[in-house]
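Opened the notebook to go through this complex chain by chain. I wanted to see what holds the chains side by side and how a few chosen pieces sit in their surroundings.

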Amino acid sequence: MRALISSVYLFLYAPIALVVLFSFNAGRSASEFTGFSTAWYGKALGNSFLVSALQNSLMIAFTSAVLAAVFGTMAALGMERLGPRTRALFDALLAAAIVVPGVVIGIATLVALVALFSFVNPALAILWPGERPPQLGLGYGSIIAAHGLFSMALVTMIVKARIAGLGRDIVEASSDLYATPLTTFRLIVLPQILPSILAGFLLAFTFSFDDFIIAFFVAGSKTTLPIYVFASIRRGVTPEINAIATMVLAASLALILSARLLMREKKSKSGE
Amino acid sequence: MTKWYRENAPITAVKLADELMRLKRGSVTRRHFLGVTGLGLATAVLARQPGLFNSTAFAGDLGSQMSIATWPNYHDPATFEAFTAATGVAVEVNVFGSNEEMLAKLQAGGTGWDLFVPTNYTISTYVKLGLIDELDLSQLSNYDPSTQNARFTHEGMVDGKTYAVPKNWGTTGIAVNSSKIKAPVSSWKDFFEVAMTEADGRTMVHDYQLTTIGNALVSLGYSFNSIKPDELAKAEELLLRVKPHLYAINSDYQPAMRATDAWMTMCWTNDGAQLNRDMPEIAYVLGKDGGEIWTDFYAIPKSAANKPAGYALLNYLMAPQNAVKEHIANGAPTTDSRVLKLLPEEVTSNKIVYPDEASLRPLEFGAAVTLTDPGRAELMARFKAA
Amino acid sequence: MRAMNRKRNLATAALVAPAAAWLAVFLVLPFIAMLVFAFGERAPEGGYQPAFTFAQFANLPTRATAFWNTLMLAPAGALLCLLVAYPTAYYLAVKANPRYRLILVSLVVVPFWTSLLVRTYAWMYILGSRGIPNLLSMIGIEDVRLLNTPGAVLLGIVYGYLPLMIMPIYVSLERLDRRLLEASADLGAKPVSTFFGVTLPLSLPGVMTGVALVTILLLGEYLIPQLLGGGKVFFIGNALVDLFLQSRNWPFGSAIAVTLVAVVVVVLMLAMRIAWKIAGTRQVDLV
């Protein structure tokens, strides 16, 4: 059993170890180790395209996750008060948003937006008073929207499950004590569902940050980190990519660890 | 509609339709139309919203970034670094595996490319579809049509207008690792036979309909550019027979050839020269039975966001002293006699780069029809999905 | 009272409106557009032109191999995943030292924080001739080819989706009431029969969730076959991308996308039916 488990962890971590190892490669190639160097970290941070791809990815992941967390939570709260039919429809659409493959979401969004723009842009061109009419195009907006679709459905599902597990009596008790709905929400419901909202937010962020296929179709001229990496695989990966991947990994590990420590501290304090 | 509304409305429906028709007939200016209808203000306000969707704005200066779409291993990275040092514009390089892929990206809109590298046979289609603009030659002072070899460069002109200027010409041949493969390979017929025998599991074909289908056609004795259904059917049969024996279908074969994962591949001049330079055991041969001769051009997409930078880079690349470095690194033959004079003897005498006229004779330039022919597009997609 | 009700309805509407609008604009509308495109024609230069034809759907059999590959390799990949994931999850939930359990579980999730693309690229190196085949040639086994084979794709799938399979199984095993196991042992059951009589049935919901989740995600997979299959091992996702990015056949691509969604729905319903069946009978058994 031990041996099996060790080999599973080896399996999971061997490629990651390789990625980290080659980030310290002195040579140009990400597949032939020629000596130790940290030069690629400097080069990665000096590469304006790589850095802007990273910034784009962070911005898109953050925005879509925030929107998903807010709208998803709102929907989860509102849904239980919908009529049974509307609710079933809503449930079906949310399930669809989750199970429809990313590649289909990407293509459908592309098809729909291109069709939409083919109406809107000529209209803008006619109506625009200036010399150069603005043209709607694919970009940050379309990526955020397409990522947000999946994320929002995910958050709604998670928060809804949590609400269903909430004691109704405590909410009713609160309103019996003449608390306004908003106060009840703020003092009773929110603290209870906050962990699931946060979990949903984190999942949404991770999903968007790592997504390639949806962004591939709807990004237009914008480059996200996965799109940049995919393009680099075609033009020949340099250890720059390994360096940035290692930095992302280190940053997220640090985040997880500090969150853990913070929670432990809180717990021990409240325990006193 | 209340009487009050009718009297105070900015414009009535009938009047709007009337003005719209006048606009269409061209009897009023757009400004007049917008002034009368009050729509201008509305669109102006709407469009200035920091939008959900990005809008392309006019850039007066060169900006700080631009993007080029090109082929794998096609440029000397130092060229772009030098351009960035000279102008402050960083260049993003996007690499594609086929002209079809470039066209698909441009058709879907919003590529962000300011310069790209289409092959000769695609240019007339780009012009027809309105995806590229006529080049403003006044911004390309380093380009001199009189020093260009018209044999390779004529397809950059459509209806007497210059839409694209040449980067280099080249051929599509076969790269063979002679330390792994002993059988002689001198034709596309040999290529497909060896692919199923000695190079089983070690052969690559392009992810590109023109060359993969074209060379299969050539091996069967048909034209590289055939779109005849019966000939294409035979080519498909051959490709499907070869497929289980292939290492990969990929236009970027250099990494696999260098790692000796692959031993033989369809190959472009420049890659052949680069591979042979670093690994002399990899030979580059032209098919006796035919194949492709081509010219790659530079063109500027109509949708380019940073045209000034696109022109600046293009003009930079057209300067013979810059182009010569590109040609030495990239290994493709030049179309420009000024560059040819500057190239060192070891390059101009390299038979991979400048083959004998006799070996070029069986080769064909790609034909425009192959780019858009649905039969070839679907055959390639079927071949890959099989 | 009526005023209050109306206020409540307004509040409800306000709460669900953003999500509803989002679903309408970015799910329903695109799906309708895709459906319309699927009945259209490829424009002469590629793209879409309006028409009403079933030609695209009639052409679907030409992608039978890709559909077949997907329908075979997706469940196969999921089952292979399960084979590795179950013992791992079992160890984590039941056998592991509680002091390290949290760390071990976190370690399963951490790979998610490096890009799947980068990790898959690392596999391209490991399976390429400088990796494992190179090591094998040192002990005299020459010219082994691993990359660009269905095996490589399966391996990439197991690698990429393993955490997604481990987690639901782990959760269901962790929730398992340990007293049941003790009771079973006290009543003289051997560990093996305890496992098959108690542990396995109770963890089935987690197993079902994992298998269904991974299978459905795999039905739309593109990256792993693209990178580890060398453009030769084609999933339907790859065929789809190809139609948009190479042959520019938007209507046919739309028809395939619509069909893929239909396949996903069928698989999902099948999975749910199986899950109900298993859950139903097991519950009866336990009583």
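My entries follow, starting with chain B and ending with the contact between chains A and C.

**Entry 1: the model**

I am working from a predicted model, so every value below is computed from predicted coordinates.

**Entry 2: chain B overall**

I counted the elements of chain B first and got 20 helices and twelve strands. I then looked at burial: of the 386 residues in chain B, 49% are buried. I also checked how far apart in sequence the contacting residues are. Among contacts in chain B with a separation of 6 or more, 77% join residues 24 or more positions apart.

**Entry 3: domains of chain B**

I looked up the domain assignment for chain B, which gives domain 1 (3-48), domain 2 (65-168 + 296-354) and domain 3 (170-293 + 360-385). For domains 2 and 3 of chain B, I took the centres over C-alpha atoms and found them 25 Å apart. Their contact draws 22 residues from domain 2 of chain B and 25 residues from domain 3 of chain B.

Which elements give two or more residues to the domain 2 side of that contact? I found H6 and helix H7 (123-128) of chain B. H6(B) gives the most to this side, with three residues. I sorted the domain 2 side by class and noted eight nonpolar residues, 13 polar and one charged.

**Entry 4: helix H6 of chain B**

H6(B) had come up once, so I looked at its burial. Is H6(B) mostly covered or mostly open? It is mostly covered, with eight of its ten residues buried. I listed the buried ones as B:Asn99, B:Glu100, B:Met102, B:Leu103, B:Ala104, B:Lys105, B:Leu106 and B:Ala108. Just past the end of H6(B), I noted that B:Gly109 has a positive phi of about 90°.

**Entry 5: chain B against chain C**

I turned to the contact between chains B and C, which takes 29 residues from chain B and 28 residues from chain C. On the chain B side, the elements giving two or more residues are helix H6 (99-108), strand E8 (246-249) and helix H20 (374-385). H6(B) is therefore listed at the contact with chain C as well as at the domain 2 side facing domain 3. H20(B) gives the most to the side touching chain C, with eight residues. By class, I have 14 nonpolar, seven polar and eight charged residues on that chain B side.

**Entry 6: chain A, domains and record**

For chain A, the domain assignment gives domain 1 (13-46 + 237-254) and domain 2 (50-223). I get 34 Å between the C-alpha centres of these two domains of chain A.

I also pulled the UniProt record, an unreviewed entry, which lists residues 54-77, 89-117, 137-159, 187-206, 212-231 and 243-263 of chain A under "transmembrane region". I checked two of these spans in the model. Residues 137-159 of chain A are 87% helix and 0% strand, and their end C-alpha atoms lie 34 Å apart. Residues 243-263 of chain A are 100% helix and 0% strand, with end C-alpha atoms 30 Å apart.

**Entry 7: helix H6 of chain A**

Helix H6 (residues 140-165) of chain A has 26 residues and reaches 37 Å from first C-alpha to last, close to the 38 Å expected at 1.5 Å a residue. I did find a bend in H6(A), about 30° at A:Gly148. Why do I call H6(A) largely enclosed by the rest of the structure? Because 20 of its 26 residues are buried.

**Entry 8: A:Ile107**

I picked A:Ile107, which sits in helix H5 (residues 102-127) of chain A. A:Ile107 counts as buried because 30 other C-beta atoms lie within 10 Å, and the cut-off is 20 or more. What does A:Ile107 touch, leaving out residues up to four places away in sequence? I found A:Phe217 in chain A, and C:Leu240, C:Phe244, C:Gly253 and C:Ala257 in chain C. I also took one long distance: the C-alpha atoms of A:Ile107 and A:Leu177, 70 residues apart along the chain, are separated by 52 Å.

**Entry 9: chain C against chain A**

Those chain C partners sent me to the whole contact, where 57 residues of chain C meet 59 residues of chain A. Helices of chain C supplying at least two residues include helix H1 (2-38), helix H3 (64-95), helix H9 (191-219) and helix H12 (250-286). H1(C) has the largest share, 15 residues. By class, this side of chain C has 45 nonpolar, nine polar and three charged residues.

Note on methods:
Residues are numbered from 1 along each chain as its sequence is written. Chains are lettered from A and ligands numbered from 1 in the order in which they are written. This is a predicted model: local features need pLDDT of at least 70, side-chain atom pairs count only at pLDDT 80 or more; totals for chains, interfaces and linings use all residues. Two residues are in contact if their C-beta atoms, placed from the backbone, lie within 7 Å. Helices (H or I, at least four residues) and strands (E, at least two) are DSSP runs, numbered from the N terminus. Ala, Val, Leu, Ile, Met, Phe, Trp, Tyr, Cys and Pro count as nonpolar, Asp, Glu, Lys and Arg as charged, and the others, Gly among them, as polar. A residue is buried if 20 or more other C-beta atoms lie within 10 Å of its own, exposed if 12 or fewer, and partly exposed in between; C-beta atoms are placed from the backbone. Domain bounds come from an automatic or database domain assignment. The expected span of a helix is 1.5 Å times one less than its number of residues. The bend at a residue is the angle between axes fitted to the seven residues ending there and the seven starting there. UniProt positions are given in the numbering used here, feature names are shortened, and annotations may be inferred rather than shown by experiment.
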